[in-house]
Amino acid sequence: MQQLPGTHDTLSAQDTPSAQERLVRSAQELLWERGYVGTSPKAILERADVGQGSMYHHFAGKSGLALAAIRRTAEGMKAAAEECLSAPGTAYDRVAGYLLREREVLRGCPVGRMAQDRDVVSSAELRQPLDEMFGWLQGRITEVLAEGQRHGELAPGLDPSATAATVTAVVQGGYVLARAADDTAPFDAAVRGVLSLLAAQVTPGTGTTR
């Protein structure tokens with residue numbers, strides 16, 4: 001297993017990589033549920049079912065483990081988005097696939113939740129994976145839309161970068177509204193709205209699969 005920043009170079013005989021993996025997964029879940037301050041080392045250890053020595057053997061404390069967990073979450077979200085954005089179909093189809101993919105809306109976005117956590121954003125180290133993830137996502141959607149323009153699928157007047165920023169903001173805002181209402185309807189409405197705006201930029205005759 002590749003070593004993540006904040007880990008030590010050696011493993012003890014009784015401390016297997018599976019314990020390290022359980023720690024990271026438990027930290028991912030708890031950060032999503034409770035945020036950084038609400039996630040105590042004790043809670044992580046209990047959920048991972050490992051001893052205190054295991055945590056401090058693998059990671060330089062809570063912040064080191066949190067960094068590994070946030071990076072893992074950001075990587076997972078990137079992979080899920082890329083699966084949609086690189087799928088067959090028109091640019092509209094691919095962006096629609098990303099917007100309509102299955103999500104646990106009422107739990108909120110696991111990366112967006114960290115971006116709303118003051119203790120995370122105040123740390124340059126913990127914030128970096130979030131900045132990289134959102135930067136990549138906006139850039140990737142921009143690429144897809146620009147490709148659609150080159151293929152004649154989207155109107156030449158569309159601004160791919162501004163539209164990609166809108167798509168990203170709508171998803172994150174939709175999560176917030178849905179959690180505030182304890183109902184997925186605001187998220188679904190936001191997605192339908194941005195898809196309607198994007199559909200208006202589709203060149204007649206190119207067609208979509210949605």
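## An all-helix chain and two of its helix pairs

Asp-182 is exposed, with a relative accessible area of 60%. This residue of the predicted model sits in the loop between helix 9 and helix 10. Its phi is positive, at about 55 degrees, although Asp-182 is not a glycine.

A second aspartate can be described in similar terms. Asp-49 is found in the loop that joins helix 2 (41-48) to helix 3 (52-58). Asp-49 is not a glycine either, and its phi is positive, near 60 degrees. With a relative accessibility of 64%, Asp-49 counts as exposed, because the cut-off for that class is over 50%.

The loops belong to a protein chain with 10 helices and zero strands. Read along the sequence, the pattern is therefore α-α-α-α-α-α-α-α-α-α, since only helices and strands are numbered as elements. The protein chain has 210 residues, and 44% of them count as buried. Among contacts in the chain with a separation of 6 or more, 69% are between residues 24 or more positions apart.

The loop that holds Asp-182 leads to the first helix pair to look at. Helix 9 covers residues 160-181 and helix 10 covers residues 185-199; their axes are 7 Å apart and the two pack at an angle of about 160 degrees. Helix 9 is therefore roughly antiparallel to helix 10, because angles over 145 degrees fall in that class. The crossing of the two helices is right-handed. On the side of helix 9, the contact is made by Thr-163, Thr-166, Val-167, Val-170, Val-171, Gly-174, Tyr-175, Leu-177, Ala-178 and Ala-181. Helix 10 contributes Pro-186, Phe-187, Ala-190, Val-191, Val-194 and Leu-198. Sorted by class, the contact has 13 nonpolar residues, three polar ones and no charged ones.

The other pair is formed by helix 5 (residues 91-100) and helix 8 (residues 124-150), whose axes come within 8 Å and cross at roughly 155 degrees. That angle makes helix 5 roughly antiparallel to helix 8. Helix 5 makes the contact through Ala-91, Arg-94, Val-95 and Tyr-98. The residues of helix 8 that take part are Leu-137, Arg-140, Ile-141, Val-144, Leu-145, Glu-147 and Gly-148. Here the classes divide into seven nonpolar, one polar and three charged residues. Charged residues are thus present in the contact of helix 5 with helix 8, whereas the contact of helix 9 with helix 10 has none.

Single buried residues come next. Met-114 has its place in helix 6 (residues 110-115). At 3% relative accessibility, Met-114 counts as buried, because the limit for that class is under 20%. Leaving aside residues up to four places away in sequence, Met-114 touches Leu-31, Gly-35, Ile-70, Val-120, Val-121 and Leu-130. Met-114 is also 82 residues from Trp-32 in sequence, while their C-alpha atoms are 7.6 Å apart in space.

Two cysteines are buried as well. Cys-84 has a relative accessible area of 15% and is buried. For Cys-109 the relative accessible area is 3%, and this residue too is buried. What is the count of disulfides? The count comes to zero, because a disulfide requires a pair of cysteine sulfur atoms within 2.5 Å.

Methods: Residues are numbered from 1 along each chain as its sequence is written. This is a predicted model: local features need pLDDT of at least 70, side-chain atom pairs count only at pLDDT 80 or more; totals for chains, interfaces and linings use all residues. Side-chain values use heavy atoms; hydrogens and water are left out. Axes are lines fitted to C-alpha atoms, for helices over the stretch in contact, and angles run from 0 to 180 degrees between N-to-C directions. Helices (H or I, at least four residues) and strands (E, at least two) are DSSP runs, numbered from the N terminus. Angles under 35 degrees count as roughly parallel, over 145 as roughly antiparallel, 65 to 115 as roughly perpendicular and the rest as oblique. A crossing is left-handed if the near helix is turned anticlockwise from the far one by less than a right angle, and right-handed if clockwise. Contact means heavy atoms within 4.5 Å. Ala, Val, Leu, Ile, Met, Phe, Trp, Tyr, Cys and Pro count as nonpolar, Asp, Glu, Lys and Arg as charged, and the others, Gly among them, as polar. Buried means under 20% relative accessible area, exposed over 50%, partly exposed in between (1.4 Å probe, protein chains only).
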